[in-house]
Each structure stands twice: as structure tokens, then as C-alpha cells.
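Here is a short briefing to read alongside the viewer. Take a moment to turn the model around before going through the points below.

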Amino acid sequence: MDYEQIRAFRNEKNFFGRQLGIYVEELRPGYARAVKTVTEEDLNPLQVPHGGVYFTLADTACGSAMAARGFAVTIDCSFHFLKSAKAGDKLTAEAHELRSGRSVCVLEARVTGEDGELLAMGIFTFRRLDEHANP
């Protein structure tokens, strides 16, 4: 499997992620890293990034780690917001596979700031599908 091709495909075809400025830097089976720089458009009325920014970045990283194994969809998630970033900060989400089953897989995502401080984390459950949406 050509993981670079899958990574490029996911960056090109993830229209929602592209709109948010999310970019998958690396992926391989069971691991992916996605990044995003917080913009003014990402801020909520309290002038910190909307929680959906952290969640979408983490879900993109986990989904990309799954895509390296085939097509899957998120079916459940437990997500925790720990600390806020600010406009201009670069966020990184790293996804690591915790369990890879025949039909259900579980991954952990950790979202950190530029200094490596943990900002958010979640456990994502995916359902493997027979269809393949990768190139």
C-alpha cells in the first residue's frame, strides 16, 4: 500500500478539514499526525479556539491512521478539553492505535500545542467497512 498516496488523497479530498486548514503530515497503519494553525476564524466568543477545532483535528488524525488499514468510519468518541490555545498557535494531533479488531478499532488522539503541552485528548472507536475509499 502506498501510504504517501493515501495521505495526499486524504488531504485533497477532506473538504471540511481543508476548510479548517487541517493537514495530515504523516500516516502509517495505526499512526497519523495532523496539524493546524489556529486562525481568528476558529475562535469562539471567548476568543479561544472552538472545541470543534480540537475535535476535528483529532478525528482527522485518527481517521487517517485508520485509512492506512482501509476504509472506516467513526462510531464513538470520548473527548476531553484540557487547555485552550490562542490564535496563531500551531496544533498537532497524534493518533495511536490502541486496538485493531476485525470490525472495530480503537485509537487515542492527543492534541498538543507548539510547546508540547497537552490541550485535548480523546478515545475514538471506528468501524471497518468492506468498501475502500482510498486511491
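Which residues of helix H1 (residues 3–13) are buried? They are Ile-6, Arg-7 and Asn-11. Please keep in mind that this is a predicted model. The notes below begin with the whole chain, go on through the helices, and end with the strands and one loop residue.

**The chain as a whole**

- The protein chain holds three helices and six strands, and from the N terminus their order is α-α-β-β-α-β-β-β-β.
- With a radius of gyration of 14 Å, close to the 14 Å that the globule rule gives for 135 residues, the protein chain is as compact as a globular protein of that length.
- Along the principal axes, the C-alpha atoms of the protein chain fill a box of roughly 45 × 25 × 25 Å.
- Buried residues make up 42% of the 135 residues in the protein chain.
- If you take the contacts between residues at least 6 apart in sequence, 63% of them join residues at least 24 apart.

**Surface and charge**

- The exposed area of the protein chain is about 7,300 Å², and carbon and sulfur atoms supply 50% of it.
- The protein chain has 16 positive and 19 negative charges, and the mean positions of the two sets lie 5 Å apart.

**Helices H1 and H2**

- Back to the opening question: the buried residues Ile-6, Arg-7 and Asn-11 belong to helix H1.
- These residues cover an arc of only 135° around the axis, so they sit on the same side of H1.
- The packing partners of the buried H1 residues are helix H2 (15–20), strand S1 (23–28) and H3.
- Phe-15 is part of helix H2, and it counts as exposed because its relative accessibility is 53%, where the cut-off is over 50%.
- From Phe-15 to Gly-63 the C-alpha distance is 14 Å, with their positions 48 residues apart in sequence.

**Helix H3**

- Is Thr-56, a residue of helix H3 (residues 51–67), buried or exposed? Thr-56 counts as buried, because its relative accessibility is 14% and the cut-off is under 20%.
- Leaving out residues up to four places away in sequence, Thr-56 touches Phe-16, Leu-20 and Ile-22.
- Gly-63 is also found in helix H3, and with a relative accessible area of 11% it is buried.
- Outside the stretch up to four places away in sequence, Gly-63 touches Arg-10 and Phe-126.
- Gly-63 and Phe-79 are 16 residues apart along the chain, and their C-alpha atoms are separated by 15 Å.

**Strands S4 and S5**

- Thr-92 lies in strand S4 (residues 90–100) and is buried, at a relative accessible area of 16%.
- Beyond its neighbours within four places in sequence, Thr-92 is in contact with Arg-33, Ala-34, Val-35, Leu-57, Arg-110, Val-111 and Thr-112.
- Strand S5 (residues 104–112) contains Ala-109, which counts as buried at 0% relative accessibility.
- Which residues does Ala-109 touch, not counting those up to four places away in sequence? They are Ala-58, Cys-62, Glu-94, Ala-95, Ala-120, Met-121, Gly-122 and Phe-124.
- Ala-109 and Ile-123 are 14 residues apart along the chain, while 6.4 Å separates their C-alpha atoms.
- Cys-105 has its place in strand S5 and counts as buried, at 0% relative accessibility.
- Not counting residues up to four places away in sequence, Cys-105 touches Met-66, Arg-99, Ser-100, Phe-124, Thr-125, Phe-126 and Arg-128.
- The C-alpha atoms of Cys-105 and Thr-60 are 15 Å apart in space, and the two residues are 45 apart in sequence.

**A backbone detail to look at**

- Most residues other than glycine have a negative phi.
- Gln-47 is not a glycine, yet its phi is positive, at about 70°.
- You will find Gln-47 in the loop between strand S2 (31–37) and H3.

Key: Residues numbered from 1 in each chain as written. Predicted model: local features only at pLDDT ≥ 70, side-chain atom pairs only at ≥ 80, totals over all residues. Heavy atoms only, no water. Helix = DSSP H or I, 4+ residues; strand = E, 2+ residues; numbered from the N terminus. Rg over C-alpha atoms; globule rule 2.2 N^0.38 Å. Buried < 20%, exposed > 50% of the residue type's maximum accessible area, 1.4 Å probe, protein only. Contact = heavy atoms within 4.5 Å. Areas by Shrake-Rupley, 256 points an atom, 1.4 Å probe, with all protein chains shown as cover. Lys, Arg positive; Asp, Glu negative; His and termini not counted. Charge placed at Lys NZ, Arg CZ, Asp CG, Glu CD. Arc of directions from axis to C-beta.
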